[in-house]
Amino acid sequence: MRIGAVILAAGEANRFGSNKLIKEVYGVPIIRRVVSAVEGIEKVIVVGKYYQELMRILEDQVVLYNPYWNKGMSTSLKLGIRFFQDYDGVIILLGDMPFITRDTVNKIIQSFTMDCDMVVPTHKGVRGNPVLLHKRTFPLIMNLEGDIGARAIMDKVKKICYVESGEEVLIDVDTPSDLTSKKHP
């Protein structure tokens with residue numbers, strides 16, 4: 001099976017107030033921590049508002065600029081899906097989840113079968129990210145509009161495969177205080 005990885009990094013970061021993806025966690029920019037979680041997997045990073053700052057950090061990566069980033073997450077998601085449209089599936093990572101590891105990504109990918117429309121990680125019953133989408137779901141994604149992601153199609157698919165994961169699938173950075181107050185797994 002061919003699985004691609006899309007890292008969504010185009011948002012405005014309103015609650016943070018600046019480009020949170022270049023802030024460091026354990027000495028590494030958040031976006032680089034997410035990129036390292038999919039090392040060895042074909043990937044694309046979708047950037048938007050802060051593309052100039054991000055390009056300095058991502059110069060060795062395949063990056064797509066989303067000129068419609070201000071119309072919401074769905075526009076970036078669709079760009080990423082188009083990039084991997086001939087693949088069997090795509091794992092969607094959020095650029096602000098610095099504790100996702102390669103082990104977590106591997107666990108999600110290993111849980112993917114051709115029967116699964118989506119693979120969704122959970123931690124103690126709470127759904128998290130990243131989510132893996134089967135190519136059957138791509139047309140549903142292409143119909144999304146606004147600031148919504150793959151979660152919006154969950155009630156339209158036949159089979160969701162859940163995989164119990166660590167707490168990292170629930171932790172993102174939304175505000176400056178999250179950099180110091182979040183419990184780090």
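Which residues does N66 touch, not counting residues up to four places away in sequence? In this predicted model, N66 touches V46, V47, G48, T75, S76 and L79. N66 is placed in the loop between β5 (63–65) and α3 (73–83). Its relative accessibility is 1%, so N66 counts as buried, the limit being under 20%. With S76 there is also a polar contact, side chain to side chain, at 2.9 Å.

**Salt bridges**

The structure holds 8 salt bridges. Side chains of opposite charge can pair when their charged atoms come close. Three of the pairs are listed here, with N to O distances.

| Pair | N to O distance | Separation in sequence |
|---|---|---|
| K20 and D174 | 3.7 Å | 154 residues |
| D60 and R32 | 2.7 Å | 28 residues |
| K135 and D88 | 3.6 Å | 47 residues |

The salt bridge between K20 and D174 links the loop between β1 (3–9) and β2 (24–25) to the loop between β10 (160–164) and α6 (178–181). K20 is buried at 11% relative accessible area, and D174 is buried at 17%.

In the salt bridge of D60 with R32, D60 lies in the loop between α2 (51–57) and β5, and R32 belongs to helix α1 (residues 30–37). D60 is exposed at 53%, whereas R32 is partly exposed at 22%.

K135 and D88 also form a salt bridge. K135 sits in the loop between β9 (131–134) and α5 (138–142), and D88 in the loop between α3 and β6 (89–94). K135 is partly exposed, at 38%, while D88 is buried, at 16%. Through shared partners, salt bridges join R15, K20, D96 and D174 into one network.

Note on methods. Residues numbered from 1 in each chain as written. Predicted model: local features only at pLDDT ≥ 70, side-chain atom pairs only at ≥ 80, totals over all residues. Heavy atoms only, no water. Helix = DSSP H or I, 4+ residues; strand = E, 2+ residues; numbered from the N terminus. Buried < 20%, exposed > 50% of the residue type's maximum accessible area, 1.4 Å probe, protein only. Polar contact = N/O pair within 3.5 Å; in protein donor to acceptor, adjacent residues only side chain to side chain. Contact = heavy atoms within 4.5 Å. Salt bridge = Lys/Arg side-chain N within 4 Å of Asp/Glu carboxyl O.
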